[in-house]
Structures are given as structure tokens and as C-alpha cells.
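Colleague: I have a model open and would like to go through its strands, its cysteines and its core. Could you take my questions in turn?

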Amino acid sequence: HVQLVECGGGLVQPGGSLRLSCASSGSILSFNFMGWYRQAPGKERELIADITSGTRTNYADSVKCRFTISRDNAKNTVYLQMNSLKPEDTAVYYCNANILGPLSRRLLEVWGQGTLVTVSS
């Protein structure tokens with residue numbers, strides 16, 4: 001079955017940038033909804049950015065205008081470019097891929113293992 005592997009996390013100073021990558025072991029063409037979630041210590045996991053197969057994107061208010069999600073179907077990879085990072089962006093970031101059927105019924109869901117992003121001076 002398809003596996004997702006995230007990389008690109010690490011320690012960055014406030015105001016800095018990072019780019020996360022989510023590489024799939026198989027084709028991502030069939031995933032019509034892919035997203036990045038994050039989970040900060042003591043908080044619930046939240047969806048912060050998503051992209052459809054038609055490359056329509058949505059963002060949580062907390063990251064709008066700072067983060068950009070994109071997908072490269074030829075490389076089977078989804079990216080999250082994070083700019084102007086803040087300490088409150090510190091979290092484990094997870095890649096998520098879905099095949100949605102009629103009425104957005106989830107037919108398949110795959111998660112990555114997560115990558116830690118720490119924003120601190």
C-alpha cells in the first residue's frame with residue numbers, strides 16, 4: 001500500500017522559513033484531496049492547508065498568506081512552504097492523502113509519520 005514520508009522539519013528562528021516535503025511511495029494522481037495537519041503539544045491535530053487534484057487550495061486562518069501548499073504529480077510529492085514562522089507554529093506536521101468518492105465519502109486515507117518543526121530563538 002502507499003506510504004507517505006515527510007521531511008524538512010527542524011529548528012528555525014522566528015521569521016524564518018522551512019519547506020516540508022511529503023513523498024509518496026506510489027502515484028498521487030488518485031488522491032483527490034491532500035493536506036497538511038499539525039499538532040502542537042497539548043492541542044488537537046488541526047488541518048492547516050489542503051489541495052485538491054485540481055490544485056484548488058484552502059488554508060486555516062492561522063497560516064493564510066504565510067504558508068503555501070503545492071503538489072508535483074510527476075514527483076509524487078506534496079510540499080508545504082512555510083514563511084514568516086512564529087513560535088506558535090511549533091508542532092508536529094503530518095501529511096495526509098485521501099481518495100474521496102461521491103458526496104466526499106472517504107474511500108482511502110493515508111497518513112505520514114510526522115515531522116517536527118520548532119520555531120524558537
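The exchange below deals with a predicted model.

Colleague: In the open sheet of four strands, which strands stand at the edges?

Modeller: The strand order in this sheet is 1-3-8-7, with antiparallel pairing. An edge strand has a single partner, so one of its sides is left without a neighbour in the sheet. The twist averages 15° from one strand to the next. The strands at the edges are strand 1 (4–7) and strand 7 (67–72).

Colleague: Which residue in strand 8 does Ser70 stand opposite?

Modeller: Strand 7 pairs with strand 8 (residues 77–82) in the antiparallel sense, and six bridges make up the pairing. Across it, the residue that Ser70 stands opposite is Tyr79.

Colleague: Is Thr77 buried or exposed, and what is its relative accessible area?

Modeller: Thr77 is found in strand 8. Beyond its neighbours within four places in sequence, Thr77 is in contact with several residues, including Cys22, Ile28 and Asp72. A polar atom of the Thr77 side chain also lies 2.8 Å from the backbone oxygen of Lys75. Buried means under 20%, and Thr77 is buried, with a relative accessible area of 9%.

Colleague: How many residues apart in sequence are the parts that the disulfide of Cys22 and Cys95 ties together?

Modeller: The structure holds one disulfide, and the sulfur atoms of Cys22 and Cys95 are 2.1 Å apart in it. Both cysteines are buried. Cys22 lies in strand 3 (residues 18–24) and Cys95 in strand 9 (residues 91–100), so the parts tied together are apart in sequence by 73 residues.

Colleague: Is that disulfide left-handed or right-handed?

Modeller: The sign of the torsion about the S-S bond settles this for Cys22 and Cys95. The torsion is about -80°, so the disulfide is left-handed.

Colleague: How far from Cys7 is the nearest cysteine sulfur?

Modeller: Cys7 is partly exposed, with a relative accessible area of 44%. A disulfide needs sulfur atoms within 2.5 Å, and Cys7 is in no disulfide. The nearest cysteine sulfur is that of Cys22, at 9.0 Å.

Colleague: Which strand gives the most to the largest nonpolar core?

Modeller: This core has 28 residues, and Trp36, Ile48, Phe67, Leu80, Met82 and Tyr93 have the most contacts inside it. Among the residues in contact with Ile48 are Trp36, Phe67, Leu80 and Tyr93. Several strands each supply at least two residues, including strand 4 (33–39), strand 5 (46–52) and strand 11 (115–119). With four residues, the strand that gives the most is strand 9.

Colleague: How many of the ten residues of strand 9 are buried?

Modeller: Strand 9 pairs in the antiparallel sense with strand 4 over seven bridges, and three bridges join strand 9 to strand 11. In the pairing with strand 4, Gly35 has Asn96 as its bridge partner, while Tyr93 stands opposite Thr115 in strand 11. Strand 9 is largely enclosed by the rest of the structure, because the number of its ten residues that are buried is seven.

Colleague: Which residue in the turn between strand 9 and strand 10 has a positive phi?

Modeller: Strand 9 and strand 10 (residues 106–111) pair in the antiparallel sense over five bridges, and Leu100 has Arg106 as its bridge partner in strand 10. The two strands form a hairpin with five residues between them. The turn residue with a positive phi, of about 60°, is Leu103.

Note on methods
Residues are numbered from 1 along each chain as its sequence is written. This is a predicted model: local features need pLDDT of at least 70, side-chain atom pairs count only at pLDDT 80 or more; totals for chains, interfaces and linings use all residues. Side-chain values use heavy atoms; hydrogens and water are left out. Two strands pair if DSSP finds at least two bridges between them. Axes are lines fitted to C-alpha atoms, for helices over the stretch in contact, and angles run from 0 to 180 degrees between N-to-C directions. Buried means under 20% relative accessible area, exposed over 50%, partly exposed in between (1.4 Å probe, protein chains only). A polar contact is a pair of N or O atoms within 3.5 Å; within protein, one must be able to donate a hydrogen and the other to accept it, and residues adjacent in sequence count only if both atoms are side-chain atoms. Contact means heavy atoms within 4.5 Å. A nonpolar core is a set of buried Ala, Val, Leu, Ile, Met, Phe, Trp, Tyr and Cys residues joined through side-chain atoms within 4.5 Å.
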